[in-house]
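Hello,

Here is the structure you asked to go through. My notes on what was found follow below it.

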Amino acid sequence: MPNEERRRMEGFLDAIAAGVAALFPELEAADVRPLLQTPSQPERGDVSLPCFPLAAKLGKKGKQGALEVAEAVAAASLDGVEAEAAGPFVNFRIAPDRLAEAVLREVWQRPRYGASDEGRGKTVVIDFSSPNIAKPFHLGHLRSTVIGWSLGQIFRALGYRVVGVNHLGDWGTQFGFMIAAWKRWQDEAKQRVAQGESEIEVFAKLYARINSLAEEDPAVREEAQRWFKKLEDADPEAQELWTYFVERSKREFARIYELLGVSHESDAGEAFYNDKMQATVERLRASGLLVEGETKKETAERKLREARERLASAREKLAAAEGELAREDLSAKQRKKLDKRIEKLRAEVPRLAAQVEKLAAWVPAEDDGERPWGVRLDDGRFAILLKADGGTTYTTRDLTAAYYRAETYSPEQILYVVGSAQRDHFEPWFEIVRKLGEPWAEGLRHVGFGKYLGMSTRKGTAVFLDEVLEKARQKAREAAAQATKKVELSPEETERVARAIGTGAVKFFDLKNERIKDIDLGRPGGEGIDWERLLDLKGDTGPYLQFAYARLAGILRRWEGPVSPEAADFSLLSELESRALLRALAEFPARVRQAARDYEPSVIARYVIDLAQKTHAFVHHHRVIDAEPTEEQKAAGVRPETLRATRVLLVRCAQKVIGEALDLLGIEALEQM
RNA sequence: GCCUCCUUAGCUCAGUUGGAUAGAGCAGCGGUCUUCUAAACCGCGGGUCGCAGGUUCGAAUCCUGCAGGAGGUACCA
């Protein structure tokens, strides 16, 4: 039975569930199985079962019922499992050698312990990284890249076919600006490149420069728009420059992906869909969903009206609050609260007033009568798909890309690993796909993530990836020089390892927390970036994990005997540290599934930290290749070779799982460091 | 104004989807390297789980309200 081989650890849980269910005719194993959990305190045992829900199913009420059920369950006899009632809970303890054997045999036998075939025959498309051409790769892009890659690895492990797509930002008005900038300053730009500055940096500076120029001079903006129009009309010069920007940017991205160990199956960017947009528009038209929206003037007037209403309401509230404050019968607490409220409103009113003024200035004098086309959403919002000038929008392009991906890859899911700020961009067109009745609409997922705080392009505190990786490598080099070393590495190896550690530190920092959370790199009270936090090498970090792996590798290098379950005596793994490590190992497959279900690499990240902690604790407390049996063990006839072979097996299994988990995170495991 | 998300130790964060005495790392203090890598290990201190109600045998977890913070809010991607 291959299934039995595959799920030995889970076999215990199934057996416990079956054993418990067998005590009550009303229950089936499936009623019990989901209730089994890991006890909060390890001393309580390996598996625990709260009896309240069971009691409820059996028609017994309250705590008394739960106590009765717990008593009854504890009396059940299960092979290799001890049961003990603890109030309304039952704790199960698996015989130490059974637990060790089940876990280690499974880890040992399976090519990849965390892998499964539940995704066989299914495809997941993951849109990730997706940087913009002619803009440097900064920390913001790193998140999408690292999270997306990790999700891909996780789905691959579960047997899915994964199609990673780099939806490059290689189309749009930005190219009009780039071309305009190039036409102006190409001599200077070429010179800088000749002097060794990276092309993408030069591009980025040109882009920033032309943009600030356009802020002041509307003519520049029009010039850029003309260039983009030329590009759309296949003007040879515009096309040549576009190709140049795209090619050079791609070359730069390739270098970065190489550095990060990341790749895509497809790099069909925005421009790829240029000739496919019309079909989307036709499809929408045919569906009858496409309706006319407001003219620019109507929109501007509506926004102005809304802003005025907000201003009026804020003023009213302010007046009311001030009136309230004049009353005599207020407690100090109420007064303080009101003061705070008034303070806020006083700040709010001028802000709103300024907004009203700004909006008023934006209202066009004439209504051109041109209307965009779009879809009215369920909540009343309007998603524009065709601009008043006939152009398409980002939404149209994403819709087109989604159809292409659905038709080309027949995916079960399409994931968009894009910042949370764009949520309101994805949800509307997901809804449109549903309205169109496409069966694959349910597989569309926006996998959002928080942003890095404490840096901004405007303030010039934006951080480029190269800079971060270089700093990280430097830090790793310094740490290596200081650390207590017991391995000799050549200068080349030292350098390679320093890079892997630096990259590992940066990636892990990005992956370790829930993806939705923002990452604040600002210093507590001041300006600038807190590098120490990002580049830390101690504690919950990538290097900590890499070190755990390397430490085990070091032990295994020195072992000359066999590594196999046949050489082991599983009853020798009963120490606290061994059992903790075994239990951690047993969790891995479930964690991988959880990570996929929630699209959360952080589940793996936190798991492997826990595993590494238990690994470090084990090797710190117990010798492996020169282990000696205790007096007690000697008396029982335990030979040193057996003890050593047993621990070597445990070490090998721990190393394997740490390695697999690191692979799922996209972090390189190191044999030596 | 409306919508979405966040709030747990001094700091950064977990918390097995409603279970038992809420856990890690950093920072602080004190111990461990003649023994397989001390980038490690062991110990100590540190909590009104933002506030107030509600549901439940049981709430950090679910519901409602409030406060604070982040983001979005019609033709930029």
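A polar contact here is a pair of N or O atoms within 3.5 Å; within protein, one atom must be able to donate a hydrogen and the other to accept it, and residues adjacent in sequence count only if both atoms are side-chain atoms. Glu294 has a polar side-chain atom 3.3 Å from a base nitrogen of RNA strand B. For Lys303, the partner is a phosphate oxygen of RNA strand B, at 3.2 Å from a polar side-chain atom. A polar side-chain atom of His616 is 3.4 Å from a sugar or linking oxygen of the strand.

Before the rest, some bookkeeping. This is a predicted model, in which local features need pLDDT of at least 70 and side-chain atom pairs count only at pLDDT 80 or more, while totals for chains, interfaces and linings use all residues. Residues are numbered from 1 along each chain as its sequence is written, chains are lettered from A and ligands numbered from 1 in the order in which they are written, and side-chain values use heavy atoms, with hydrogens and water left out.

The surroundings of the RNA

RNA strand B is surrounded by 77 residues (near means that a heavy atom of the residue lies within 4 Å). The closest are Arg302, Lys387, Thr484, Lys517 and His622. Of the RNA atoms that come within 4 Å of the protein, 59% belong to sugar and phosphate. The surface near the strand has 26 nonpolar residues (Ala, Val, Leu, Ile, Met, Phe, Trp, Tyr, Cys and Pro), 29 charged ones (Asp, Glu, Lys and Arg) and 22 polar ones (the others, Gly among them).

The protein chain

Chain A has 24 helices (DSSP runs of H or I, at least four residues) and twelve strands (runs of E, at least two). Its C-alpha atoms fill a box of roughly 100 × 70 × 60 Å along the principal axes. Of its 673 residues, 48% are buried (under 20% relative accessible area with a 1.4 Å probe, protein chains only).

Aromatic rings

The whole structure holds 25 aromatic pairs (rings of Phe, Tyr or the six-membered ring of Trp, with centres within 6.5 Å). In one of them, Phe155 and Tyr160 meet edge-to-face (planes over 60 degrees apart), at 5.1 Å centre to centre and 85° between the planes. Phe155 counts as buried because its relative accessibility is 2%; Tyr160 is buried too, at 11%. Elsewhere, ring pairs join Trp171, Phe175, Phe228 and Trp242 into a cluster.

Regards

Conventions:
Rings of Phe, Tyr and Trp (its six-membered ring) pair if their centres lie within 6.5 Å; planes under 30 degrees apart count as stacked, over 60 as edge-to-face and the rest as tilted. Buried means under 20% relative accessible area, exposed over 50%, partly exposed in between (1.4 Å probe, protein chains only).
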